[in-house]
Amino acid sequence: MMGQQTAQQNALFYDFCLEERIPQNHLLRKINQFLDFDQIRLYLKPFYSHTGRPSVDPELMIRMLLVGYCYGIRSERRLCEEVNFNLAYRWFCGLGLEDGIPNHSTFSKNRLGRFRNADLLRMVFNTVVKKCIEQGLVGGEGFAIDASFVQANASVKRSIHAPVDWRPALKQTRAVKEYLDALDEVADLNRPQKRVSTTDPMSQWTGAKSRADYFYSTNYLIDADHTVIMDVEASPSTNSLEVSTTKTMIERVEKNHGIVPNSLMGDAAYGTANNLNYVVNEKKIAPYIPVWEGVKPKNNIFAKFDFIWDEYKGEYRCPAQKVLSKNHRNYREPKTHITKANTIIYRSKSAECKQCSLKQYCCPKTPSRKITRSVYESARDVARQNCLSKEYETKYLAERKKVEMSFAHMKSHHNFNNLRLRGLKSANDEFLLVATTQNLKKLAMHNSIN
Ligand code: SF4
């Protein structure tokens, strides 16, 4: 017989307990046990006045944001609706059935004001990393680094090609002001760009993805053991700025958690001389990073790697076994020959090249050949040696790919393909929140397995 639902929906009294309604194995219940808001409240105390009307509870706002970034609810307006109707979300946020939900505008006010001044989202992220360390999820042996593009909230229609005059007050939105302030600090932002977004000028126009657009990069430094995200940093999507986050993140992890890894995995973009000098010589970390050897020149012209470096004599040998030296003249006072780019130029003798049968493959348009060598080339040699080792193929290459897996989870499981907020600082806030929820999920999973 076909049944028919007869429940009354207008009952005034219910025998109902929210705590009992949430299953023991619910993700939010598992996550909840790793959140320590006493510490967060203590940290935030100096940022609130001791008199006046009580503010919206910061714990409630952080919990709501964690729900949003955990379940891919990116709009704050929608998040407020979802928390209002979903029992599990209400339970996680510490709300009763009849408690009101804060207005969505409260989030932007706090994010841009008190939370940013207090660097609260970084603090929340760090407390979760500390929990991961306490639970034995961080080995601290090998870290892997990589970056991933996330589409910026910048309309392609609102972009300009010519240099922009940002002075008119109307154009100075928060994102523009942030960009103008950063121009003085970050030299790389001053270089001419193909297109600049007038809504979010710090975002980078790039055609590296299938569809050209404006992007920011999220940079992850992960521990290879359980892929815990040890640090995260936003940067405009340019190679040099992505690579520069290596130092920022390694220093910050050492400062916050006292961990310096024994080895670092990354792709060839991280194999620049300056970066490897920092990793090898300053931090004494073993690099498992392929070295970028440059593009093989066209028309079968000899590349740099066709010239053999003699460490003992400090000179190159060309394919015709002639010497390329940094010093062809006798100077009265010895010179370092180091250029502004921290390189030394080695040249062949034009008299020898003139008679060489290989000249057409070496320097067909110039009297002699020159090779530039970084002063940090020894650090690159360490990386070259490491990448030839057996462990590189069997262990480190696979560990490097774990960062890519973290990015894939970020995009598919957390619906994080594009940014909602504008400006680099807001991108950083969003990246911190999604990385925090990724780590919380790892803690929850680890706890349910053990
Ligand atoms: S052209 Fe000069 S540098 Fe090149 S292979 Fe011949 S001798 Fe060597």
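**A predicted model in questions and answers**

The mean pLDDT of the protein, which is the predictor's confidence in each residue from 0 to 100, is 87, and 94% of its residues reach 70 or more. This is a predicted model, in which local features need pLDDT of at least 70, side-chain atom pairs count only at pLDDT 80 or more, and totals for chains, interfaces and linings use all residues. Residues are numbered from 1 along each chain as its sequence is written.

Q: In which helix is confidence lowest?
A: Helices (H or I, at least four residues) and strands (E, at least two) are DSSP runs, numbered from the N terminus. Confidence is highest in helix H6 (residues 87–92), at a mean of 95. At the other end, with a mean of 75, is helix H10 (residues 174–185).

Q: Which elements give two or more residues to the shell around the ligand?
A: A residue is near the ligand if its C-beta atom, placed from the backbone, lies within 6 Å of it. There are 13 residues around the ligand, and Cys318, Ser348, Cys353, Cys356 and Cys362 come nearest. The elements asked for are helix H13 (350–354) and helix H14 (359–362).

Q: Which strands are at the edges of the sheet with the order E9-E10-E11?
A: Two strands pair if DSSP finds at least two bridges between them. The sheet is open, has three strands and is paired in the antiparallel sense. E9 and strand E10 (residues 315–317) share three bridges, and Trp309 stands opposite Tyr316 in E10. An edge strand pairs on one side only, as do strand E9 (308–310) and strand E11 (323–324).

Q: Why are Ala379, Arg380, Ala383 and Asn386 on the same side of H15?
A: These four residues of H15 are buried, meaning that 20 or more other C-beta atoms lie within 10 Å of their own; 12 or fewer would make a residue exposed, and a count in between partly exposed, with C-beta atoms placed from the backbone. On the other side of H15, Gln385 and Leu388 are exposed. The buried residues are on the same side because the arc they cover, taken from the directions from the helix axis to the C-beta atoms, is only 115 degrees.

Q: Is Tyr396 buried or exposed?
A: Tyr396 lies in helix H16 (residues 390–412). The C-alpha atoms of Tyr396 and Ala152 are separated by 32 Å, and the two are 244 residues apart along the chain. Tyr396 has 23 C-beta neighbours inside 10 Å, so it counts as buried.
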